[in-house]
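Reader: I would like to learn how the words used for a protein structure are justified. Could you take me through some of them, setting each value against its definition?

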Amino acid sequence: MDALVNGVAVLGVGDGDQRVARPHPLSVEVEADGEHPTSAAASGTQVNAVFVRPLPATADETTVRSLFVDVADRIVGVDIRQGRLLRKKDRAFAIVTFSDPASVERALANDKRELGDLVVRLRIAKDDAALKMERRNRVLESRKKRPAVVHCSRESVVAALPAVSVSVDSWYATVRPKQETIDKRSEVITLLTRILADGFTRKALREAEGREFGLHLELFGSVPCNLSSDRSDLDIALIGDVTNPEAVLRAWYKVLKKRRLGITRLISGARVPVVKFQHRQLQLECDFTLKNDSDSQRSKTWLLRAYAEKDPRVPQLIAAVKFWSKARFIGDASKGSLNSFGYTLLVLYFLQHCSPPVIPNAQAMASSDEVAQATKNSPNPFLSSPFTSWRTDNTDSIGGLLYSFFKFYSIECSPTRQAICISTGEARTLPEAAEDRIAMFHDFQHFNYCIIDPFDKRDNVGRNVSMEIAVRIEDEFRRAYDLLSTCQPWEKVVEPVKRRQPKPPPSKRKDAANKELATPKGRSKTRHGEKSENPSSTDQKEDDTSEEAVASRGPVNAVMRKKRPKPARAQPPSANGAMTTAPPNDGMETLLLLLLQQTLESEIVIAGVRKRTVLRNKQTHLNLSPKSDARERLPPTTHDEGMP
């Protein structure tokens, strides 16, 4: 889909694809099928432009104006483009802008006019806000309603939740970081710090930047927040005043690669370029990114660490929700879903609003001046005196919190209709107008699933979530709530989603069809000597061995398809002295044919090898006599004149 944001045409708006900007004041859905509104009033927005298609590839402004003879004097602009976005490459389309809406109404009367061999269609050109809201409404209307589930009684659910707690506790005990893993992480950080301080590294980074500058390592992500698992990787930021980040990151990649400490990869095509490093001996993965300012990331780390240390159930609940999201295939940001930080904010917002709350609002209790003035070596500013002295009255188990969490986002709160923010502790209802929703966030961010960043009120953490994925996330919340409400075990809730297997390529499908044709009729695919599971297969009609029938079965080896006459096999004389004829052995004949074919192929391969060996010996003049133990170089043979 092609759409426009702030006067710039953008490819793939609403689909999470890479955006390619082109200057244009309108947006149109070029490849959309189905009916569009035929009047400006029906479009929902006041747009004085008409979308015209299809047009010949050689169409010019005069050709387009000839379609609007009655309102040609009202045309203020004609933009013709070739059909790069259309299914046919030899077509064009145009966007005709008029001076007033009344002229658009009159222009739409020229719909379905013939231009050569083409029938030109006219539609209202829509802006980006209208396209996004229509897409959103279509997805919501096409959403399949889940069948009504009869929940168990409250007493039965409460009785089943301790089993959920036991399952989660036993699982969390196996994934929480062990002391050995903590020691390995400290060792890797010490090693990387020593490498960064090395003179060779400083020289390589200085040559990449073109000047002398300072650079240091700083951890962020789940590990310093005490929210990691035993298999979590290390997210490391290279902090420094860098003017050429791509060259500096590439230089750091080369430094790690020359050290040969493990596997090193540079991913420069991502939204945020990253260097992935896996230590070979310690088996730890590290992701390096380059940042000019670490204040915002450091504040997030301090905030999440304060919440994780406030109550032991916080990291356990976050880990369980993350595991559930990845098992249900809704926790991979690279596939257009919500990232781990988004699910962490969902859990924290729920813990602030459950009854009674488990954690307070740390940002409201902390001093804004202390947070702004805090440095790398400063204490955590969010561990203020009011925050540390606050106590909760909530005594629910981890099973009860999971049940309340899924119920909260299934019935009470929805990020598709509200903007969730843990810094203010409120869920703001999203405005109905798409223009107002776009104005809430930074440019080129979706508003389908709204989770506001705690330190940037215009940053949507769910910015890459499309409306289809947002609906699927809500369906998964409802599914988990229904399962727990019907006293199902936790293993059923985190059951991995069954993904569709991709279709094999045409070549493999053709090979499978040929293999199926090669199997004789009336015989099951069993090993030699086993009985067939189809007792009626022996009663089936014999294969047609005519040349027409054999040719119609495709390019399969004729030896496997075409049945040859089977010679009679003599048997010992019967009691009355007469000779009997035994039925032919189909399996033995097929086996012999296969062996014969393999033998012929092997002889052809051996003959080819021998031929190449002889040619090679003639060229290099080698003596390959079996009597000689070593290959000796022979002098060239000379012949007397007159000899052949």
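**Reasons behind the words**

Author: Let us begin with C225, which has a relative accessibility of 2%; because buried means under 20% relative accessible area, C225 counts as buried. Please keep in mind that this is a predicted model.

Reader: What makes C286 buried or exposed?

Author: The relative accessible area of C286 is 1%, and since the cut-off for buried is under 20%, C286 is called buried as well.

Reader: How many disulfides does the structure hold?

Author: The structure holds 0 disulfides; for the word to apply, a pair of cysteine sulfur atoms would have to lie within 2.5 Å.

Reader: Why is R313 called buried, and where is its place?

Author: R313 has a relative accessibility of 14%, and as the word buried asks for a value under 20%, R313 counts as buried. The place of R313 is in helix α9, which covers residues 313-327.

Reader: Which residues does R313 touch, leaving aside those up to four places away in sequence?

Author: With those neighbours left out, R313 touches V358, T392, N394, T395, D396, I398 and L401; a contact here means heavy atoms within 4.5 Å.

Reader: Why is M588 called partly exposed?

Author: The relative accessible area of M588 is 36%, and because buried means under 20% and exposed means over 50%, with partly exposed in between, the middle term is the one for M588. M588 is found in helix α21, residues 586-620, and together with L591, L592 and L595 it makes a nonpolar surface patch of about 350 Å².

Reader: How do you know that strands β11 and β12 pair?

Author: Two strands pair if DSSP finds at least two bridges between them, and strand β11 (residues 262-267) and strand β12 (residues 274-279) have 6 bridges, in the antiparallel sense; the pairing therefore satisfies the definition. One of the residues involved is I267, whose bridge partner in β12 is V274, and the two strands form a hairpin with 6 residues between them.

Reader: What can be said of the protein chain as a whole, in helices, strands and buried residues?

Author: The protein chain has 21 helices and 19 strands, and 40% of its 644 residues count as buried. Its accessible surface comes to about 37,200 Å², of which 52% belongs to carbon and sulfur atoms. Among the contacts in the chain with a separation of 6 or more, 63% are between residues 24 or more positions apart.

Technical notes
Residues numbered from 1 in each chain as written. Predicted model: local features only at pLDDT ≥ 70, side-chain atom pairs only at ≥ 80, totals over all residues. Heavy atoms only, no water. Buried < 20%, exposed > 50% of the residue type's maximum accessible area, 1.4 Å probe, protein only. Helix = DSSP H or I, 4+ residues; strand = E, 2+ residues; numbered from the N terminus. Areas by Shrake-Rupley, 256 points an atom, 1.4 Å probe, with all protein chains shown as cover. Patch = residues over 30% accessible without salt bridge, like charges linked within 9 Å, V, L, I, M, F, W, Y side chains within 5 Å. Salt bridge = Lys/Arg side-chain N within 4 Å of Asp/Glu carboxyl O.
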